[in-house]
Amino acid sequence: MGLGAHHARSEVLSLAEKLSAPIVSTIKGKQTFDWDNPYNVGQNGLIGNPAAADAFDEADLLLMIGSDFPYRDWFSEDAPVIQVDLVAEHIGRRAPVTLGLVGDAKSTVAELNGLVAQKTDRSHLDKITAKYERWRDRQARLADPSHDDHLVGQVRAVLDNPEHSIRPEAVAAIVGRLADDDAIFATDTGMSTVWFSRFVDMRDGQRLIGSFNLGSMANAMPQTIGAQASFPGRQVIGFCGDGGFTMLLGDLITAVSYDLPVKLIVFDNKRLGMVKLQQEDAGLPEFGTVLKNPNLADVATAMGAHGIRITDPAELESGIKAAFAHDGPVVVDVLTNPDEIIIPSHPTLGEAWGFAIAKMKEVVRSRGDEGDDD
């Protein structure tokens, strides 16, 4: 389900009930289908989860409503596809379609509800939703700020977080939990969107904007500024990558000049994170992605905003609460783990092997560099 189904929520939920079908939403569909939805199994694709991937792979039919889902590799090769879209040119643009229905999502789905019979076999739905809940439980452990203090976390940290930096999962989860019920979110393209997709459960009344079609870099801060100017009475929160934030750092002066109380959460891992991930997926060691960031909280303060720097997981919740309580623009510079591993919803053996090779190359190169310094 995509943004095109935003006004057809009740009709879509009724259809899911009649079909005993799980609902996979796009990132733009989160604001409509995240909340009070027993059929929800999150997102698929690069930012998705294995349950959503299985929902695609094991389906007898894929019904796409108001969505131009771009990840061709995640479509099933066997299941027929019915696509409902208001724009005729979108039909079949991403994958072959068995039946295309051009029309408004609300009225079209309402008609479909009257045509289909109740399906009593819930085995597919129950299997997928159960897998999704198990996945969420595992992810929730990473979102615990004290994760690395426990035995399992300590063992894992040796491999993927030796500096004991704050895990970005915890940042996203706490921001999502503390946000206002009518908060407007904007996320930068890349890893910030991954953390938002997986760890922020949107509520009725909340809204999300981003550069989800174009994939532009550095969109979050200017979008928060525009949203805050348009809706001065609402809380506006930006999920900013450090690369995107520093790329358009001058825009912070606009927020200060107009006293726009945006809350900019910077995932400061000193990396172009999505580029790093794509290199490693291809079996290449990280190259050219390291950023030499200053103290971004100090920079924000120097520019007239309120800057908060968080380096200790134990101070994460109090720091974000302080940011949200401040009456003015705030930059929260959170030092996050640059080696946090995300696994796509349906990783291939080649991707896993490529990632393993890349990591071995990085370790060898790192040890070689240490030798050169002796």
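Is Glu-11 buried or exposed? That was my opening look-up, and Glu-11 turns out to be buried, with a relative accessible area of 14%. A reminder to myself before going on: this is a predicted model.

**Entry: the partner of Glu-11**

I checked what Glu-11 pairs with, and found a salt bridge to Lys-106, where the closest N and O atoms are 2.8 Å apart. Glu-11 sits in helix 1 (residues 9-19) and Lys-106 in helix 4, so this pair ties together parts that are 95 residues apart in sequence. Unlike buried Glu-11, Lys-106 is partly exposed, at a relative accessible area of 33%.

**Entry: helix 4**

Since Lys-106 took me to helix 4, I stayed there. Which residues of helix 4 (residues 105-115) are buried? I noted Ala-105, Thr-108, Val-109, Leu-112 and Asn-113. Looking down the axis of helix 4, I saw these buried residues fall within an arc of 145°, so they line one face of the helix. The background I jotted down: an α-helix has 3.6 residues a turn, so residues three or four places apart point the same way. Then I turned to the face of helix 4 that points away from the buried side, and there I found the exposed residues Glu-111 and Gly-114.

**Entry: more salt bridges**

How many salt bridges are there? The count comes to 15. I picked out a couple more to read closely.

Arg-136 forms one with Asp-201, and their closest N and O atoms are 3.1 Å apart. This pair links distant parts of the chain, with Arg-136 in helix 5 and Asp-201 in the loop between helix 8 and strand 5, 65 residues apart. I looked up both ends: Arg-136 is partly exposed at a relative accessible area of 26%, and Asp-201 counts as partly exposed at 41%.

Lys-321 pairs with Glu-317, the closest N and O atoms being 3.6 Å apart. Here both residues lie in helix 14 (residues 316-325), four residues apart, which is about one turn of the helix. Lys-321 is partly exposed, with 45% relative accessibility, and Glu-317 is partly exposed too, with 27%. I also found a network: salt bridges that share partners join Asp-68, Arg-93 and Arg-94.

**Entry: patches on the surface**

Where does negative charge gather on the surface? I found a patch made up of Asp-144, Asp-149, Asp-312 and Glu-315. From that patch I followed up Asp-149, which lies in the loop between helix 5 (123-142) and helix 6 (151-160). Asp-149 is exposed, with a relative accessible area of 57%.

Next came a nonpolar patch of about 270 Å² on the surface, made by Met-217, Met-247 and Leu-248. I placed Leu-248 in the loop between helix 10 (242-247) and helix 11 (251-257). Leu-248 is partly exposed, at a relative accessible area of 30%.

**Entry: a buried loop residue**

My last stop was Gln-206, in the loop between helix 8 (191-199) and strand 5 (207-210). Why do I file Gln-206 as buried? Because its relative accessible area is 0%, and buried means under 20%. I also checked Gln-206 against Ile-184: they are 22 residues apart along the chain, and their C-alpha atoms are separated by 5.8 Å.

Methods
Residues numbered from 1 in each chain as written. Predicted model: local features only at pLDDT ≥ 70, side-chain atom pairs only at ≥ 80, totals over all residues. Heavy atoms only, no water. Patch = residues over 30% accessible without salt bridge, like charges linked within 9 Å, V, L, I, M, F, W, Y side chains within 5 Å. Areas by Shrake-Rupley, 256 points an atom, 1.4 Å probe, with all protein chains shown as cover. Salt bridge = Lys/Arg side-chain N within 4 Å of Asp/Glu carboxyl O. Lys, Arg positive; Asp, Glu negative; His and termini not counted. Charge placed at Lys NZ, Arg CZ, Asp CG, Glu CD. Helix = DSSP H or I, 4+ residues; strand = E, 2+ residues; numbered from the N terminus. Buried < 20%, exposed > 50% of the residue type's maximum accessible area, 1.4 Å probe, protein only. Arc of directions from axis to C-beta.
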